[in-house]
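The following account leads through a protein chain, beginning with its overall make-up and ending with individual residues. Please keep the sequence and the three-dimensional view at hand while reading.

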Amino acid sequence: MVDRGWALILVWIALGCALLYGAVRFFNRHKAGIHAHCEYWVFLPGVDVPAQDVLMKHLLTTHARYFGKNEGLVFSDIRFHMSLVLREKNPHAFRPDLFESMDVTPEVLKGLGAASSFVKVRFLSEDALLNRRHLRFLAYLSAAMVSQGNGSVVYDPISMQIWSAEDFMGRLLADPEAESSAFHVAVNWIPEPEGFSIRTQGHLKVGEPELLSGPFSSDQRVVVSDVVRAVSDAIWNGSKPASVRVDCCEDEFEILYEEPKAGSMTMRILRRQTGV
């Protein structure tokens with residue numbers, strides 16, 4: 001009986017240690033805010049997805065300058081997922097009103113109306129990123145899907161932006177590295193009872209919290225947008241500036257941050273008067 005009692009105690013101790021380790025790891029991971037999620041939907045006129053070897057050959061030849069074997073390794077990464085969504089089985093995902101809050105062009109509406117499916121390409125990491133090759137990989141994979149699958153529309157559900165195939169390809173031509181915050185992050189204005197608040201969409205792609213600030217009046221829109229974009233660029237590149245200076249005016253702006261909550265970080269923007 002004594003031996004059995006000790007055995008039970010040891011089992012409970014081992015179980016408790018395992019639970020404690022899991023809880024600590026879970027808490028620390030979420031506390032650090034290191035989840036990363038990058039995703040594109042490429043709308044196609046048909047229901048056939050180009051084969052992986054066809055896509056890879058296209059990427060390594062047509063885009064060889066910016067897409068190499070390092071990016072190609074993401075194809076076999078367990079954090080990468082690709083799936084086909086059929087209009088026949090998921091008509092709600094093709095409704096134009098889902099995208100009405102975005103800058104939807106007539107070309108996008110036409111492409112959505114003619115699409116029979118879309119390919120969802122996604123990279124989801126629950127741990128800290130060792131590199132950011134997934135950013136370029138998904139952007140160029142989406143471009144390859146457009147070229148090889150006759151894609152018409154590309155939607156980014158993380159930055160909440162949607163483009164015609166032509167416009168998306170133009171973005172890659174303008175920023176072929178496809179790793180900058182300008183390429184991946186949108187700065188959006190949100191109506192409030194009094195004025196507007198401003199929020200970034202896209203920091204989640206590299207595991208950083210989105211920025212939120214406001215409310216502001218409409219006449220502050222240009223200045224605040226430039227300030228938030230400057231802060232976003234800095235955070236994207238690994239720093240957290242205490243102040244920024246923007247080109248649209250001669251003043252410097254102090255930035256005060258609150259602790260990140262639920263994937264967002266509220267900040268206050270204070271103008272530092274100069275030359276007085």
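The paragraphs below treat the whole chain, then selected helices, and then single side chains.

The structure is a predicted model. Its secondary structure comprises 8 helices and 11 strands. The chain has 276 residues, of which 40% count as buried. Among the contacts with a sequence separation of 6 or more, 65% are between residues 24 or more positions apart.

A pair of helices offers a starting point. Two packed helices are described by the angle between their axes and by the distance between those axes. For helix α2 (residues 52-62) and helix α5 (residues 133-149), the axes come within 10 Å and cross at roughly 110°. An angle of 65 to 115 degrees counts as roughly perpendicular, and α2 is therefore roughly perpendicular to α5. On the α2 side, the contact is made by Val54, Leu55, His58 and Leu59. Helix α5 contributes Tyr140, Leu141, Ala144, Met145, Ser147 and Gln148. Sorted by class, the residues in this contact of α2 with α5 are 7 nonpolar and 3 polar, with no charged residue.

Helix α4 (residues 106-114) shows how burial is distributed around a helix axis. Its buried residues are Val108, Gly111 and Leu112. These residues lie on the same side of α4, because they cover an arc of only 100° around the axis. The other side of α4 carries the exposed residues Pro106, Glu107, Lys110, Gly113 and Ala114. The packing partners of the buried residues of α4 are β1, β4 and β5.

Helix α6 (residues 165-174) can be read in a similar manner. Which of its residues are buried? They are Ala165, Phe168 and Leu172. The arc that they cover around the axis is only 70°, so they are on the same side of α6. Glu166, Leu173 and Ala174 are exposed on the face of α6 turned away from its buried side. The buried residues of α6 pack against the strands β1 (36-44), β4 (153-156) and β5 (161-164), and also against the helices α5 and α7 (181-184). Strands β1, β4 and β5 thus recur from the description of α4, while α5 is also the partner of α2.

Helix α7 contains two residues that merit individual attention. His184 lies in this helix, and its relative accessible area is 0%, so His184 is buried. Setting aside residues up to four places away in sequence, His184 touches Tyr40, Leu135, Asp156, Ser159, Arg171, Ala178, Glu179, Gln201, Gly202, Lys205 and Trp236. Ser181 is likewise found in α7. Ser181 counts as buried because its relative accessibility is 5%, and buried means under 20%. With the same exclusion of residues up to four places away, Ser181 touches Arg229, Ser232, Asp233 and Trp236. Trp236 is thus contacted by both His184 and Ser181.

A last residue lies outside the helices. Ser76 is located in the loop between α3 (69-72) and β2 (80-86). Is Ser76 buried or exposed? Its relative accessibility is 61%, and Ser76 therefore counts as exposed, the threshold being over 50%. The side chain of Ser76 nonetheless reaches the backbone oxygen of Leu73, at 3.0 Å.

Conventions. Residues numbered from 1 in each chain as written. Predicted model: local features only at pLDDT ≥ 70, side-chain atom pairs only at ≥ 80, totals over all residues. Heavy atoms only, no water. Axes fitted to C-alpha atoms, helices over the stretch in contact; angles between N-to-C directions. Helix = DSSP H or I, 4+ residues; strand = E, 2+ residues; numbered from the N terminus. Parallel < 35°, antiparallel > 145°, perpendicular 65-115°, else oblique. Contact = heavy atoms within 4.5 Å. Nonpolar A, V, L, I, M, F, W, Y, C, P; charged D, E, K, R; others polar. Buried < 20%, exposed > 50% of the residue type's maximum accessible area, 1.4 Å probe, protein only. Arc of directions from axis to C-beta. Polar contact = N/O pair within 3.5 Å; in protein donor to acceptor, adjacent residues only side chain to side chain.
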